[in-house]
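Biologist: I should like to learn how to read a protein model step by step. Where may we begin?

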Amino acid sequence: MPPVTDLHAFPSSIPPDLDDPAVIAAHDWAAFAEVESMINHWKRPGWTATTRAYYWMLTFKHATALIDQARHCQEAVRNLRFDAIAEGGLHLTLGRVGLTTEVPADVLDRVVESAGARRLSAFRAHVLPLTASRGAIRYSVAPWTPLFDLHASLSEACAQAGVALGKPTLSLRPHIGIAYCNRAMDAHPVRDAILPLRRLPPVRVEIDRVEMVELRREEAAYRWGTVHQLPLA
């Protein structure tokens with residue numbers, strides 16, 4: 001695959017191998033190694049107390065091993081005073097379908113119907129050593145190929161219904177956050193806090209469903225209600 005760069009994504013480039021866990025983990029960590037300053041994740045334009053939007057997401061409320069390790073990591077970096085993600089809030093965002101005010105119920109139904117008519121395959125993923133972006137502490141995830149395939153299928157389903165699924169597939173950077181940075185700060189203490197946690201073993205998760213959720217933001221956290229859930233075969 002030729003190099004793909006998206007300056008709005010993090011990392012801006014994709015790893016040279018989309019499926020090798022070691023390559024993906026090293027690529028993510030190398031990108032964060034170049035970050036000098038953290039930013040406030042919550043200073044994002046377009047979000048208000050009343051904003052609601054539809055997203056395709058993978059959620060992990062039943063992934064006990066992942067939840068346990070995430071709790072351990074959150075406790076280990078508690079001195080950073082980031083906004084920890086609650087155990088029921090762990091997720092992997094695939095893409096935004098649109099604001100609830102812009103996507104009528106019948107269009108949303110067509111998106112789900114189109115996605116459900118496709119062969120969406122279940123797969124096993126590994127949640128890899130901890131890393132970070134400019135605005136969050138997060139896990140790397142591998143492999144990327146089935147996640148790209150899933151995103152592409154969902155994107156096609158959205159297009160068939162007349163809406164766009166946020167960013168293109170090659171701009172997806174799969175990750176699972178555990179804590180959001182809530183202020184501008186030096187990135188070096190974040191790296192120092194994360195580095196010992198990178199020795200923890202990867203956690204295996206089964207990806208057997210994808211959810212359409214209605215997302216909102218409240219009290220330095222994302223909350224959602226599941227609108228539709230599609231099993232992966």
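Modeller: We may begin with the interior, bearing in mind that this is a predicted model. In soluble globular proteins, nonpolar side chains tend to be buried together. Here the largest nonpolar core holds 84 residues, and the members that touch the most others are F32, W56, F60, L66, I137 and V190. Helix 4 supplies the largest share of this core, with 7 residues.

Biologist: Which residues does L66 touch, if those up to four places away in sequence are not counted?

Modeller: On that count, L66 touches F60, L90, V127, Y139, I176, V203 and V205. One of these partners, F60, is itself among the core members with the most contacts to other members.

Biologist: Let us turn to charged residues. How many salt bridges does the structure hold?

Modeller: Side chains of opposite charge can pair when their charged atoms come close. The structure holds 10 salt bridges. One of them joins E206 and R124, with 2.8 Å from N to O. E206 belongs to strand 9 (residues 203–207) and R124 to strand 5 (residues 123–132), so this pair ties together parts that are 82 residues apart in sequence.

Biologist: Are E206 and R124 buried or exposed?

Modeller: The answer lies between those two words. E206 has a relative accessible area of 45% and is therefore partly exposed. R124 is likewise partly exposed, at 44%.

Biologist: What may be said of the salt bridge between E75 and R78?

Modeller: The closest N and O atoms of E75 and R78 are 3.0 Å apart. The accessibility of each partner is worth reading separately. E75 is partly exposed, with a relative accessible area of 47%, whereas R78 reaches 56% and is exposed. The boundary is 50%: a residue over that value counts as exposed.

Biologist: What is the N to O distance in the salt bridge of E218 and R223?

Modeller: For E218 and R223 the distance is 3.6 Å. E218 is partly exposed at 33% relative accessible area, and R223 is partly exposed at 31%. Elsewhere, salt bridges that share partners join D68, R71 and E87 into one network.

Biologist: I should now like to examine the backbone. Which residues other than glycine have a positive phi?

Modeller: Two cases may be examined in turn, including R81, whose phi is near 60°. R81 is located in the loop between helix 2 (64–76) and strand 3 (83–84). Its relative accessibility is 55%, so R81 counts as exposed. E219 provides another case, with phi near 50°. The loop that holds E219 runs between strand 10 (209–217) and strand 11 (222–231). With a relative accessible area of 73%, E219 is exposed.

Biologist: The peptide bonds remain to be considered. Is the bond from F10 to P11 cis or trans?

Modeller: The peptide bond from F10 to P11 is cis, and its omega is near -10°. P11 lies in the segment before helix 1 (21–33). A further cis peptide bond leads from A142 to P143, where omega is near 0°.

Biologist: Where is P143 placed?

Modeller: P143 is in the loop between strand 6 (136–142) and helix 4 (145–161). This brings us back to helix 4, the source of the largest share of the core with which we began.

Methods:
Residues are numbered from 1 along each chain as its sequence is written. This is a predicted model: local features need pLDDT of at least 70, side-chain atom pairs count only at pLDDT 80 or more; totals for chains, interfaces and linings use all residues. Side-chain values use heavy atoms; hydrogens and water are left out. Helices (H or I, at least four residues) and strands (E, at least two) are DSSP runs, numbered from the N terminus. Buried means under 20% relative accessible area, exposed over 50%, partly exposed in between (1.4 Å probe, protein chains only). A salt bridge is a side-chain nitrogen of Lys or Arg within 4 Å of a carboxyl oxygen of Asp or Glu. A nonpolar core is a set of buried Ala, Val, Leu, Ile, Met, Phe, Trp, Tyr and Cys residues joined through side-chain atoms within 4.5 Å. Contact means heavy atoms within 4.5 Å.
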